[in-house]
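Hi,

Here is the structure I said I would pass on. Have a look at it first, and my notes follow below.

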Amino acid sequence: MAASILRRSLLAPRCRAGDVAALHSGPSRRRAQAPGPIASGRRMGKSPAGERSVAPWVAVVGLEIHAQISSNSKLFSGSQVQFAAPPNSLVSFFDASLPGTLPALNRRCVEAAVMTGLALNCSINKKSLFDRKHYFYADLPAGYQITQQRLPVAVNGSLSYSLCVGGKKNQVVTRTVRIKQIQLEQDSGKSLHDDTRSQTLIDLNRAGVGLMEVVMEPDMSSGEEAAAAVRELQLILQTLGSSQAIMAEGQLRVDANVSVHHPGEALGVRTEVKNINSARFLARAIDYEIQRQIKELENGGTVINETRAFDYKLGCTIPMRDKEGKQDYRFMPEPNLPPLILCDNKSLPANTNHQHVVNIDWIRERLPDLPSVRRVKLVEQYGILPEHSFTLLNEDGLMEFFENVVRQTQMNPKKVIGWILNVMLGYLKQHNLTVQESPVSSLFLADLLNLLERGTISSSAAKQVLEELWKAEGKTPLQIVEEKKLELIQDQQELEQICQAVVEGHQEEVMEIKKGNPKVLNKLIGLVQRTTRGRADPVLVKQILEKRLSQ
């Protein structure tokens with residue numbers, strides 16, 4: 001299908017680095033929101049005695065999250081769903097809104113929404129309705145979106161998420177955000193902007209793809225909290241299989257509603273930051289917007305109820321459109337779709353083909369362990385720290401990698417986690433690789449840790465071997481150890497001679513130690529290790545040096 005071409009100016013406001021985006025002043029409305037618990041800024045005022053006092057600003061953050069449902073076909077048509085397919089290659093007549101075409105509801109999308117609702121402690125409505133939301137934009141060919149405005153599939157849930165706090169991020173606190181509703185709706189197409197030719201091309205491959213909109217109540221008060229809640233939701237969706245939730249592919253998109261106010265005062269005017277596709281950018285966008293609003297109010301200005309975008313290169317939000325006049329979407333019941341009726345074991349009609357109904361209880365019984373449960377099991381089973389369990393689950397594939405290593409090595413899991421988080425994960429991040437792309441397999445790492453645990457090599461030699469494994473030349477850890485002659489020196493007499501040579505060649509350090517400065521001993525141990533290229537057992541070296549120095 002040929003792409004529709006719309007010509008228009010693409011001029012948009014931009015903010016310079018270090019500057020605040022264009023600010024507006026004028027009348028504004030206040031929106032009722034639940035107050036957030038955390039002070040995000042300060043305002044200076046005067047006390048009755050004329051002294052300056054400090055009043056806190058409180059930020060209020062709510063999220064609207066669109067998660068693309070993992071399904072082979074779209075919500076109301078049989079068109080295939082595939083990321084990065086050629087433009088307009090996956091478009092049915094219904095997706096293009098040709099006259100006379102009708103929607104046919106995808107059962108898989110309904111089951112995914114019910115499953116997600118159950119995992120988020122929602123009440124599942126046995127009867128839900130579809131509505132038309134009217135607005136006109138180039139990538140919405142019908143001029144309306146089919147959604148669930150009046151009666152969504154799931155309501156009144158909650159999501160518990162955890163934050164690592166403290167100076168070293170070693171304390172875990174758990175917080176909860178309320179889920180207002182989860183609704184099914186169809187995605188729009190995609191506008192592709194060509195700045196060179198000042199034109200916009202339309203790709204309808206995404207038009208009609210099934211979405212779950214998860215609406216979170218404004219129970220958060222910082223970018224860090226919002227990012228943690230989104231990461232937890234992302235893990236839940238991936239665990240359930242209801243969405244791949246890959247933010248880089250647009251499968252999880254977040255709109256953040258942000259406002260600030262003083263405790264005891266009317267709630268502030270909100271702004272909406274649209275279409276954020278990274279948890280890290282979400283935190284930055286919200287924190288920037290909180291400080292922008294505080295700065296604007298403290299300078300005597302007002303906050304405008306508007307939609308903004310986040311410019312990740314400049315690290316600031318920029319205005320998109322004013323929302324002072326409420327947009328009339330002209331919601332109306334979808335005439336071509338009957339009410340969505342769900343069943344449970346009690347209401348399931350007799351002699352019904354299970355392919356013709358969606359059974360809530362059947363889905364509930366098959367829910368997998370959620371991330372919160374898996375974290376507890378990791379801590380209990382392996383004795384690792386709670387904050388380590390978060391890292392294992394937050395990095396895709398890292399938990400499976402860790403458990404594979406533990407199964408194949410004799411090393412204590414507490415030591416294994418140190419190697420994986422401090423060494424392996426460092427390598428992966430340095431080379432911008434995922435766990436699945438690691439050139440060092442779990443088997444090779446386990447073999448390496450076994451050599452270390454048996455005393456065949458030292459810790460420093462193990463790191464040398466890991467560097468060689470990273471080159472992905474196909475050699476085993478043992479082969480590398482033998483080729484590089486990295487085995488620990490087993491001949492104690494040879495080691496004593498090396499230690500004696502180091503002592504004789506560094507008399508200044510020896511004198512410092514005898515004067516009562518034991519820390520210098522570590523330098524001598526390091527010199528022995530350098531001489532032996534990491535082949536000396538540091539514990540044994542320390543014993544030999546202490547014996548020599550005491551004579």
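Let me start in the middle, with one residue. Leaving aside residues up to four places away in sequence, Val114 touches Ile124, Val153, Leu342, Val358, Ile360 and Ile363. Keep in mind that this is a predicted model.

Val114 belongs to the largest nonpolar core, which has 68 residues. Together with Leu63, Val114 has the most contacts inside that core. There is another core apart from it, made of 41 residues, including Trp419, Tyr427, Leu445 and Ile457. As background, nonpolar side chains in soluble globular proteins tend to be buried together.

Now the overall picture. The protein has 551 residues, and 48% of them are buried. Its secondary structure comes to 15 helices and 18 strands. If you take the contacts between residues at least 6 apart in sequence, 68% of them join residues at least 24 apart.

Two helix pairs are worth opening in your viewer.

Helix 7 and helix 9: these cover residues 398-408 and residues 442-453, and they pack with their axes 8 Å apart at an angle of about 45°. An angle of about 45° is over the 35 degrees below which a pair counts as roughly parallel and under the 65 where roughly perpendicular begins, so helix 7 and helix 9 are oblique to each other. Their crossing is right-handed. On the helix 7 side you will find Phe401, Asn404, Val405 and Gln408, which meet Ser442, Leu443, Leu445, Ala446, Leu449 and Asn450 in helix 9. By type, the residues of this contact are six nonpolar and four polar, with no charged ones. Leu445 turns up twice here: it is part of the contact with helix 7 and also sits in the core of 41 residues.

Helix 14 and helix 15: here we are at residues 521-531 and residues 538-549, with axes that come within 10 Å and cross at roughly 120°. This pair is therefore oblique as well, and the crossing of helix 14 and helix 15 is right-handed. Leu521, Leu524, Ile525, Val528 and Gln529 in helix 14 meet Pro538, Val541, Lys542, Leu545, Glu546 and Leu549 in helix 15. That contact divides into eight nonpolar residues, one polar and two charged.

That's the tour. Shout if anything looks odd on your side.

Cheers

Definitions and conventions:
Residues numbered from 1 in each chain as written. Predicted model: local features only at pLDDT ≥ 70, side-chain atom pairs only at ≥ 80, totals over all residues. Heavy atoms only, no water. Axes fitted to C-alpha atoms, helices over the stretch in contact; angles between N-to-C directions. Helix = DSSP H or I, 4+ residues; strand = E, 2+ residues; numbered from the N terminus. Parallel < 35°, antiparallel > 145°, perpendicular 65-115°, else oblique. Left-handed = near helix turned anticlockwise from the far one by under 90°. Contact = heavy atoms within 4.5 Å. Nonpolar A, V, L, I, M, F, W, Y, C, P; charged D, E, K, R; others polar. Core = buried A, V, L, I, M, F, W, Y, C linked by side-chain atoms within 4.5 Å. Buried < 20%, exposed > 50% of the residue type's maximum accessible area, 1.4 Å probe, protein only.
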